[in-house]
Amino acid sequence: MNKPKNSSDQVILITGTSRGIGRYLADYFCQRNFQVIGCSRKEADIDYPNYRHFSVEIEDERQVKKMFSDIRKIYGR
């Protein structure tokens, strides 16, 4: 049986983290110790040690592929 992971072991990707619902979700999960990856067209002013932001235009396939490549390198998944 797999043991449950700590929230600090969990990695979550949230789009639209510069404002609105995406911003709220990023704050929510950061406060609960998740590793949060956020992306939006604009920079986000979220300041948690467990938050990493990518400025990405989601319609640009190259940018999205680069972001996922970077995520795999950083988080190993």
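This section describes the sheet, the helices, the nonpolar cores and selected residues of a predicted model.

The sheet is open and consists of 3 strands in the order β1-β2-β3, with parallel pairing. Strands β1 and β3 occupy the edges and have a single partner strand each, so one side of each lacks a neighbour in the sheet. From one strand to the next, the twist averages 20°. The pairing of β1 with β2 is parallel and extends over 5 bridges. Within this pairing, Ile 14 has Gly 38 of β2 as its bridge partner, and Leu 13 stands opposite Ile 37 in β2. Of the 6 residues of β2, 5 are buried, and the strand is therefore largely enclosed by the rest of the structure.

Helix α1 comprises the 12 residues 20–31. At 1.5 Å a residue, a span of 16 Å is expected for α1, and the distance of 17 Å between its end C-alpha atoms agrees with this. The helix lies across β1, β2 and β3 and runs at about 165° to β1. Helix α2, formed by residues 61–75, also packs on the sheet; α2 touches β1, β2 and β3, and its direction makes about 160° with that of β3.

The buried residues of α1 are Gly 22, Ala 26, Asp 27, Phe 29 and Cys 30. In general, an α-helix has 3.6 residues a turn, so residues three or four places apart point the same way. The cover over the buried residues of α1 includes β1 (11–15), β2 (35–40) and β3 (51–55). Just after α1, Asn 33 adopts a positive phi of about 75°.

Nonpolar side chains in soluble globular proteins tend to be buried together. In the present model, the largest nonpolar core contains 9 residues, namely Ile 14, Ala 26, Phe 29, Cys 30, Phe 34, Val 36, Ala 44, Ile 46 and Tyr 51. The most is given to this core by α1, with 3 residues. Apart from this core lies another, of 8 residues, including Ile 37, Cys 39, Met 67 and Ile 71.

The contacts of Ile 46, a member of the largest nonpolar core, were examined separately. When residues up to four places away in sequence are not counted, Ile 46 touches Thr 17, Arg 23, Ala 26, Asp 27 and Tyr 51. Of these contacts, Ala 26 and Tyr 51 belong to the largest core as well, while Ala 26 and Asp 27 are among the buried residues of α1.

Two cysteines were considered with respect to burial. Cys 30 has a relative accessibility of 4% and therefore counts as buried. Cys 39 likewise counts as buried because its relative accessibility is 2%. Cys 30 is listed in the largest nonpolar core, and Cys 39 is one of the residues of the core of 8 residues. The structure holds 0 disulfides.

The loop between β2 and β3 contains Pro 49. With a relative accessible area of 86%, Pro 49 is exposed. Pro 49 and Asn 33 are separated by 16 residues in sequence, and the distance between their C-alpha atoms is 9.5 Å.

Conventions:
Residues are numbered from 1 along each chain as its sequence is written. This is a predicted model: local features need pLDDT of at least 70, side-chain atom pairs count only at pLDDT 80 or more; totals for chains, interfaces and linings use all residues. Side-chain values use heavy atoms; hydrogens and water are left out. Helices (H or I, at least four residues) and strands (E, at least two) are DSSP runs, numbered from the N terminus. The expected span of a helix is 1.5 Å times one less than its number of residues. Buried means under 20% relative accessible area, exposed over 50%, partly exposed in between (1.4 Å probe, protein chains only). Contact means heavy atoms within 4.5 Å. Two strands pair if DSSP finds at least two bridges between them. Axes are lines fitted to C-alpha atoms, for helices over the stretch in contact, and angles run from 0 to 180 degrees between N-to-C directions. A disulfide is a pair of cysteine sulfur atoms within 2.5 Å. A nonpolar core is a set of buried Ala, Val, Leu, Ile, Met, Phe, Trp, Tyr and Cys residues joined through side-chain atoms within 4.5 Å.
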